[in-house]
Amino acid sequence: MSDFVRTVTGDVSPETLGHCQCHEHIFLEMDKSYEVAPVLYMDDYEKSLAELNDYRAAGGGAIVDAQPVLGGRMAELLEKASAESGVKIIASTGFHKTVFYYEDSYIFKKSADEIARLYIGEIEEGMLSSKQDGAKRLNCRAGQIKTAIDKNGIHADATYEKLFEAAADAALYTGAPVMVHIEQEADALHVVDFFVKKGLGPERLLLCHLDRARYDFGYNKECAQTGAFMEYDTIHRLKYHDDVKEAELIEFMLKEGFAAQMLLGLDTTNARLRSYGAKDMGLDFILKTFIPFMEGRGIGKQIMHEMLVVNPQQALKISKE
Ligand SMILES: [Zn+2]
């Protein structure tokens, strides 16, 4: 079977994605996430749709919604907004940091096998609907498996161990890519090692946030040397650093020869989306501001195209023998 990308509106050939930001948040329902950080909440259909329409108008073709099942993901709105805006959306099954779940969550009660079956079902049959809508099975499917490593690592507690086991099993079974949220101080190399030992190719992993979790050029280089994708999404996330520092890390990685492994995104929250009140940016920030900014620094159109159009085709494909 040839490779394809699984979007919420159907399977597509990887070449049809166009400009693709690989880690965003388009919808997030009221959930434990909001209690942890109130910026993690955007359930207004019209506002999120307006962001997607602006993204599309600026040249956006596809986007990854990084919120996993049971964590406030709103699968039915993703499908509806994708159909209406024309932006292809890749949704996530999998898990986030355990702090984002209530104590009685499925993830704490079920076994690794049961959780793996949930992830596989979401990729192969259909995603569960949002909590607001009761957990019924929808027709639209997830296209990637989100995982999250806390600073204490995979083996810090039995829940993370179980969740990572489930994610690895589901990835091997379905051929879907695995996104990894890397928390500050967490060891990304350890995660790569875990999945590789399970039999997954490093090129099936998307390591997220290393541009803020470990702003250390040597460490980023070491992670890229494993062959995993490096997804940078601290662009205009000014509480961490400015865009010059972001550009310096990207330029270092390009100079070191990792252009084919680089992915970009904004990791949006409601504070960074114009339609929810942000003053200086929306989902179209990379297209309208960051690409010209990088070009002004001497990074050619072709390189930006590689990171934003070509690499997502490889990173997001579902590869099944
Ligand atoms: Zn995120």
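Of the contacts in the protein chain between residues at least 6 apart in sequence, what percentage joins residues at least 24 apart? The figure is 76%, where a contact means heavy atoms within 4.5 Å.

This is a predicted model, in which local features need pLDDT of at least 70 and side-chain atom pairs count only at pLDDT 80 or more, while totals for chains, interfaces and linings use all residues. Residues are numbered from 1 along each chain as its sequence is written, and side-chain values use heavy atoms, with hydrogens and water left out.

**The chain as a whole**

The protein chain holds 12 helices and 11 strands; these are DSSP runs, with helices (H or I) having at least four residues and strands (E) at least two, numbered from the N terminus. Because its radius of gyration of 18 Å is close to the 20 Å that the globule rule gives for 321 residues, the chain is as compact as a globular protein of that length. That radius is taken over C-alpha atoms, and the globule rule is 2.2 Å times the number of residues to the power 0.38. Along the principal axes, the C-alpha atoms fill a box of roughly 50 × 45 × 40 Å.

Of the 321 residues, 59% count as buried, a term for under 20% relative accessible area, whereas exposed is over 50% and partly exposed lies in between (1.4 Å probe, protein chains only).

**The zinc site**

The zinc ion is coordinated by His-23 through NE2, His-25 through NE2 and Asp-267 through OD, at 2.1 to 2.3 Å. Donors are N, O and S atoms within 2.8 Å of the metal (3.2 Å for Na, K and Ca), and sites may look incomplete because water is not among the atoms. Along the chain, the donors follow the spacing H-x1-H-x241-D. Both His-23 and His-25 are buried.

**Two residues with positive phi**

Most residues other than glycine have a negative phi. Glu-185 has a positive phi although it is a residue other than glycine, and Asp-267, also not a glycine, has a positive phi too. The table sets out where each residue is found and how much of it is accessible.

| Residue | Phi | Loop between | Relative accessible area |
|---|---|---|---|
| Glu-185 | near 70° | β8 (178-182) and α7 (188-198) | 59%, exposed |
| Asp-267 | about 45° | β11 (262-264) and α11 (285-296) | 7%, buried |

Asp-267 thus links two parts of this report, as a residue that coordinates the zinc ion and as one with a positive phi.
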